[in-house]
Amino acid sequence: MQRMLHTANSRPTTCGNRAAIAIKTAVSEAANRMEALLRVLLINPKFRLPIDTRTTPHLGLAYLGAVTLERGDDCKIYDADIETEPLEDLLLAWRPDIVGITANTPQVKEAWRTAQRIKKTVPGTPIVIGGPHPSVLSEESAIRPEIDIVVRGEGEAAWVELLEQLEEMKAQHGSYSDKDWMAAETPLHGLFGITFRTVDGKMHLRPDHPPINNLDDLPWPAYSLFKMEHYTNLQPATDHVDGARSFSVMTSRGCPYRCTFCSQSIMPQKWRARSAKSVADEWEHLVKVLGAEEIGVLDDSANIRVDRLHELADELIKREINHVPWIFVNGIRANLATVELLGHLKEAGLKRTAFGVETGDPDVLMSIDKRIDHDTIRQAFKNAKQVGLETIGFFIIGLPGDTAETMEKTIQFAIEVDPMIANFSMMTPYPGTKVYEIVKRKGRMLVHDWDDYVFFDGKARYEMGELTAELVEAKWKEAYRRFYLRPSRVAKTLGRKDFWLNFGRTSKVAFRTIFPKKVKKELAAELGKERAMV
């Protein structure tokens, strides 16, 4: 996540690398200054969950914090999931020059509420919002009075350009306000990848920002800005690792595939990868300097170039940092998971990988544009187990086209491939996905408030044709029951050391998941009071 900037004077200035050059130019100019230019606050709004899940540093904010620090600004990150200090106290004591807020769909209304609190506490402070949800529905946020600017998609380059403009305004005028920046003749008209509304009421959607072509040019994520001791590890229900020693890395961005259920609102379709050396340099820093005891690769499609992963494995082994276990948190493509590759990665320290199975029905699998078949998926699980890797399988109950029979096939397929962890989720149509558009045209959404996307309460999110909420919810519960309550599965679970080390926490999570009514009523009441604000 954090990397030192490399010079690229010999690299031609093409559309593909202008974004990285813009970041590096700002950093180079800022390096000559002796004091901080701006006070920058980055916020991760509270994720209001009725059950206790993992809490890890936000990788996107870690990258924004890194480019902010490299520019020469003073930066703080306020993660509402773990903070004990009231936000208002921080705002009054520090008085930031600009605030950036990230938000996915379940967080977006909390992000708006947070922005309202900021405007009330420190009036005139410019507020920028970004993340998956605002990237898809940018005008929805830009029209709100508490939001000044929406950054769409990959954020680092656009964020640096916004800071440059604000720095110039501050230097020229001394004092400034959000309204000064949003004047009809604002310099924002010259930037890319942003949506904003000027004071005359006009909405402006600037063209998309060119993606950062050379990811090696980004700085490493700024973990120093997080209170690491307050976080969990990457998979706390499975592994017993100190959260302060658990780190994430990004080795590639983008995905050439376009599955109908998956939102690619942040990263462009073009897949871009860091070099093996760049990743290994950061990895070595995490292990030898920050004391990493666990590393999670968060890529959507890490193994698109198999030769790059072989090179990375060689680097980790050569540098003798392969003793630290690592996992593919979001999984890898099953069609590229050969015995040779997985065995090499195992030697380099890989402990666990996931595969996105989604469905056990061939027709449904084809309909979601997964571009893979079940025999290939079967072989991937066999290959992983052959070399001694733990596996996770991701399965979706209630995809468009699902029936009682097709969902039964999904349960049976999960039992057949038998991953160490089977993750069954009910299909949730998020904005930006093809499924969302399909349901809007042909089905009926059962949730009508973005806050409601946060409830993990075993409730279906939509109905379409014969796919009723009652059927989906019943098959989802059945999937977990039939997979995990098999005698062989129970025996395996009880035989894992980490299960007993995590027993207290795991039992609490299970209880709150199975008997959640009181918790969810309390959360619903809390949200009900706050909804009046937005």
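**Close-up 1. Lys288 and Glu284 meet in a salt bridge within helix H9.** The closest N and O atoms of the two side chains are 2.8 Å apart; a salt bridge here is a side-chain nitrogen of Lys or Arg within 4 Å of a carboxyl oxygen of Asp or Glu. This is a predicted model, in which local features need pLDDT of at least 70 and side-chain atom pairs count only at pLDDT 80 or more, while totals for chains, interfaces and linings use all residues. Residues are numbered from 1 along each chain as its sequence is written, and side-chain values use heavy atoms, with hydrogens and water left out. Both partners belong to H9 (residues 276–288), four residues apart, or about one turn of the helix. Helices (H or I, at least four residues) and strands (E, at least two) are DSSP runs numbered from the N terminus. Lys288 is exposed, with a relative accessible area of 52%, whereas Glu284 is partly exposed at 21%. For these words, buried means under 20% relative accessible area, exposed over 50% and partly exposed in between (1.4 Å probe, protein chains only). Lys288 and Glu284 also belong to a network of salt bridges that links them with Lys277, Asp281, Glu315, Lys318 and Arg319.

**Close-up 2. A salt bridge joins Arg352 to Glu390.** Their side chains come to 2.8 Å, N to O. The pair links distant parts of the chain, 38 residues apart: Arg352 sits in strand E13 (residues 350–358) and Glu390 in strand E14 (residues 390–397). Arg352 counts as buried at 1% relative accessibility, and Glu390 as partly exposed at 22%.

**Close-up 3. Asp73 and Arg71 form a salt bridge, and both are buried.** Here the closest N and O atoms are 2.6 Å apart. Side chains of opposite charge can pair when their charged atoms come close. The structure holds 38 salt bridges.

**Close-up 4. Six strands make an open sheet with parallel pairing.** Follow the strands across in the order E8-E11-E12-E13-E14-E15. E8 (246–249) and E15 (421–426) stand at the edges, and each has a single partner strand, so one side of each is left without a neighbour in the sheet. From one strand to the next, the twist averages 20 degrees, taken between axes that are lines fitted to C-alpha atoms, with angles running from 0 to 180 degrees between N-to-C directions. At the E8 edge, four bridges join this strand to E11 (residues 294–297), and the two run parallel; strands pair if DSSP finds at least two bridges between them. Look for Ser246 opposite Glu294 in E11.

**Close-up 5. Cys259 and Cys262 are not in a disulfide.** The sulfur of Cys262 is 6.3 Å from that of Cys259, its closest cysteine sulfur, which is too far for a bond; a disulfide is a pair of cysteine sulfur atoms within 2.5 Å. Cys259 is buried, with a relative accessible area of 12%, and Cys262 is partly exposed at 32%. Searching the whole structure turns up zero disulfides.

**Close-up 6. Helix H15 has a buried side and an exposed face.** Within H15 (residues 434–442), Val435, Tyr436 and Val439 are buried. These three cover an arc of only 105 degrees around the axis, which puts them on the same side of H15; the arc is that of the directions from the helix axis to the C-beta atoms. The buried residues pack against strand E16 (444–445) and strand E17 (462–463), with contact meaning heavy atoms within 4.5 Å. Turned away from that side, the other face carries the exposed residues Lys440, Arg441 and Lys442.
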